[in-house]
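Biologist: I'm new to this structure and would like a close look at a single part of it. Could you walk me through the metal site, step by step?

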Amino acid sequence: MTEPGHAEDGDFDAHHQLQGALVDAYEAALLDGAPRQLAADTLGHLVDFTAVHFAEEERFMAVRAYPLLELHRAAHGRLLEQLQALEGRARVAPADEALAGVRRLRAWLREHVDGPDQALVTWRNGP
Ligand SMILES: [Fe+2]
Ligand SMILES: [Fe+2]
């Protein structure tokens with residue numbers, strides 16, 4: 001079995017998997033009809049963890065003098081604002097709005113991981 005990567009080496013796959021698992025847990029809470037507060041708390045864990053994850057990525061990029069740090073940091077800022085807006089509606093949004101939010105959430109995270117995060121991995125791996 002391959003050793004899992006570590007964030008200090010710029011390997012954030014485990015973080016991205018945890019983000020995906022928290023989105024799945026949030027969606028499951030909505031679909032299972034769990035109390036809305038429980039679902040909202042799950043989304044809150046995703047937002048909190050994502051803030052920590054972004055800070056770790058930014059620290060890695062700063063230490064390595066990554067040339068696209070500022071662009072990537074700006075993308076993090078926008079994404080966090082989108083997540084917080086969703087979180088702000090989580091306790092009051094009707095189920096169909098909340099589930100539409102889950103689909104947007106997945107799309108945002110996928111676009112970020114496939115875009116700026118993948119560019120960072122490619123740069124880290126070198127020519
Ligand atoms: Fe990122
Ligand atoms: Fe990331």
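Modeller: Here is a walk around one of the metal ions and the residues that hold it. Keep in mind that this is a predicted model.

Let's start at the iron ion (ligand 2). Its protein donors are His16 and His53, each through NE2, along with Glu57 through OE and Asp117 through OD. They sit 2.0 to 2.2 Å from the ion. Now look at the angles: the four donor atoms subtend anything from 81 to 172 degrees around the iron ion (ligand 2), so the arrangement counts as irregular. To be called tetrahedral, four donors would need all their angles between 85 and 135 degrees.

If you want to find these donors along the chain, their spacing reads H-x36-H-x3-E-x59-D. The pair of His16 and Glu57 ties together distant parts of the chain: His16 belongs to helix α1 (residues 13-31) and Glu57 to helix α2 (residues 36-63), 41 residues apart.

How accessible are these two? His16 has 15% relative accessibility, so it counts as buried, the cut-off being under 20%. Glu57 is buried too, with a relative accessible area of 1%.

Glu57 deserves a second look, since there's another metal involved: it coordinates both the iron ion (ligand 2) and the iron ion (ligand 1), which are 3.5 Å apart.

Finally, take the helix that carries Glu57, α2. With 28 residues at 1.5 Å a residue, α2 should span 40 Å, and its end C-alpha atoms are 41 Å apart, which agrees. Just after α2 comes Ala65, with a positive phi of about 50 degrees.

Notes
Residues are numbered from 1 along each chain as its sequence is written. Chains are lettered from A and ligands numbered from 1 in the order in which they are written. This is a predicted model: local features need pLDDT of at least 70, side-chain atom pairs count only at pLDDT 80 or more; totals for chains, interfaces and linings use all residues. Side-chain values use heavy atoms; hydrogens and water are left out. Donors are N, O and S atoms within 2.8 Å of the metal (3.2 Å for Na, K and Ca); water is not among the atoms, so sites may look incomplete. Four donors count as tetrahedral if all angles lie between 85 and 135 degrees; four count as square planar and six as octahedral if opposite donors are over 155 degrees apart and all others between 65 and 115; anything else is irregular. Helices (H or I, at least four residues) and strands (E, at least two) are DSSP runs, numbered from the N terminus. Buried means under 20% relative accessible area, exposed over 50%, partly exposed in between (1.4 Å probe, protein chains only). The expected span of a helix is 1.5 Å times one less than its number of residues.
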